[in-house]
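Work through these short exercises with the structure open. Try each task before you read its solution.

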Amino acid sequence: MVRFTLQEIETSTIPDLNELRENLVCCLDAARDESQKARIFFENAIETLGKKKCSVLVISDFNTQGMKGPSVNGTPFYAFVKAKGQSKKSSETAAGSYGIGKYAPYAVSNIRTIFISTVYQDDGKGQWSQLTQGKSIVMSHEKGGKRKQGVGFWGVRNKCQPVLGVDPKIPGWLQRADTSIELQKYEGSKISIICFDAIKNWEDYLAISVVENFFGAINDGNLKVVIGDNHFVDKETAAQFLDNNELKKLISKQNNEPEHFQNCKNYLATLQDDSANVEESEMRELGLCRVRIMVGEGLPRKVCALRRGMFINDNL
């Protein structure tokens, strides 16, 4: 299960807030020679950090093994936090391939900053560990007479390592587990998107996006989603969600919508239809492939490709 929760925190509790603000000021100086869009972004980011409170979108998963560490090349934690174009999965059945989706959280942060905290069990020693680290993706800039890159990390300064274990100096809203007692109870990961851009109806838009992209995994029973106080989507409720006319109206003016929303309803119905025609084939490049075909009045001639429950494409 994945839960999305919007919290309001005291801005002063963001770790090393002053240094983060200083870095953004340096980025603003560098942006004056760039586009107006970049300058406005950093002006707004600095203003946001000057407010007493800010919004944080917390994404927590449950019944998972967390992002296993340590922070060295080849582990899931390193792939998510440090590596470029790399996606290290905990199993061969995990979706995703090139590590592109991991950059999505930065796009909805008004300061392009997130914190990751994960609890996992070490495969070799069987011990439970927690890793916590922050990351910003901004722009290269000058600071203290030195040229700094656009990617920055928060954690242990030596070699930009994550904080290990439970640290009482780190705010509880940021850590996956804020107590070391029975650490295994908190197995899984938490991503905190700082200064989340909470637009009107964000819960609805997010729920629509998740269901459109992962209705296959939801139907397989591999994913349940809780978004704020308004949406709970699982195998039993997915069809009802995709039949919601109010949601269709909400996205009626978006590109390719609400047609795609309606198509996803038909794709899900095809997965759930016991009378659908099913063919299986073993392919050298793709492995086992299954084709399901549903025939009915008023249905579009569409072909949807899914990979392990994740929507890939329907424009072949």
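## Exercise 1: a surface patch

This is a predicted model. In it, V291, I293 and V295 make a nonpolar surface patch of about 290 Å².

Task: Find the strand that holds I293, and decide whether I293 is buried, partly exposed or exposed.

Solution.
1. Locate I293. The residue sits in strand β13, which covers residues 287-293.
2. Take its relative accessible area, which is 45%.
3. Apply the cut-offs: buried is under 20%, exposed is over 50%, and partly exposed is in between.
4. I293 is therefore partly exposed, at 45%.

## Exercise 2: a pocket

Task: Describe the second largest pocket: how much space lies in it, and what lines it?

Solution.
1. Start with volume. The second largest pocket holds about 710 Å³ of space.
2. Turn to the lining. It has 27 residues, and E19, N23, G152, F153 and W154 are the closest to the pocket centre.
3. Assign elements. Two or more lining residues come from each of α1 (17-31), β3 (113-121), β4 (128-137), β5 (141-143) and β7 (151-154).
4. Sort the lining by type. Twelve residues are nonpolar, nine are polar and six are charged.

## Exercise 3: a residue of the lining

Task: Place W154 in its strand. Is W154 buried or exposed? How far apart are W154 and E10 in space?

Solution.
1. W154 belongs to strand β7.
2. Its relative accessible area is 16%.
3. Buried means under 20%, so W154 is buried.
4. Compare with E10. W154 and E10 lie 144 residues apart in sequence, and 18 Å apart in space, C-alpha to C-alpha.

Definitions and conventions. Residues numbered from 1 in each chain as written. Predicted model: local features only at pLDDT ≥ 70, side-chain atom pairs only at ≥ 80, totals over all residues. Heavy atoms only, no water. Patch = residues over 30% accessible without salt bridge, like charges linked within 9 Å, V, L, I, M, F, W, Y side chains within 5 Å. Areas by Shrake-Rupley, 256 points an atom, 1.4 Å probe, with all protein chains shown as cover. Salt bridge = Lys/Arg side-chain N within 4 Å of Asp/Glu carboxyl O. Helix = DSSP H or I, 4+ residues; strand = E, 2+ residues; numbered from the N terminus. Buried < 20%, exposed > 50% of the residue type's maximum accessible area, 1.4 Å probe, protein only. 1 Å grid on protein atoms, 1.4 Å probe; cavity = no way out; pocket = protein on both sides within 12 Å on 5 of 7 lines; lining within 4 Å. Points joined across faces, edges and corners; volume = space filled by probe spheres on them. Nonpolar A, V, L, I, M, F, W, Y, C, P; charged D, E, K, R; others polar.
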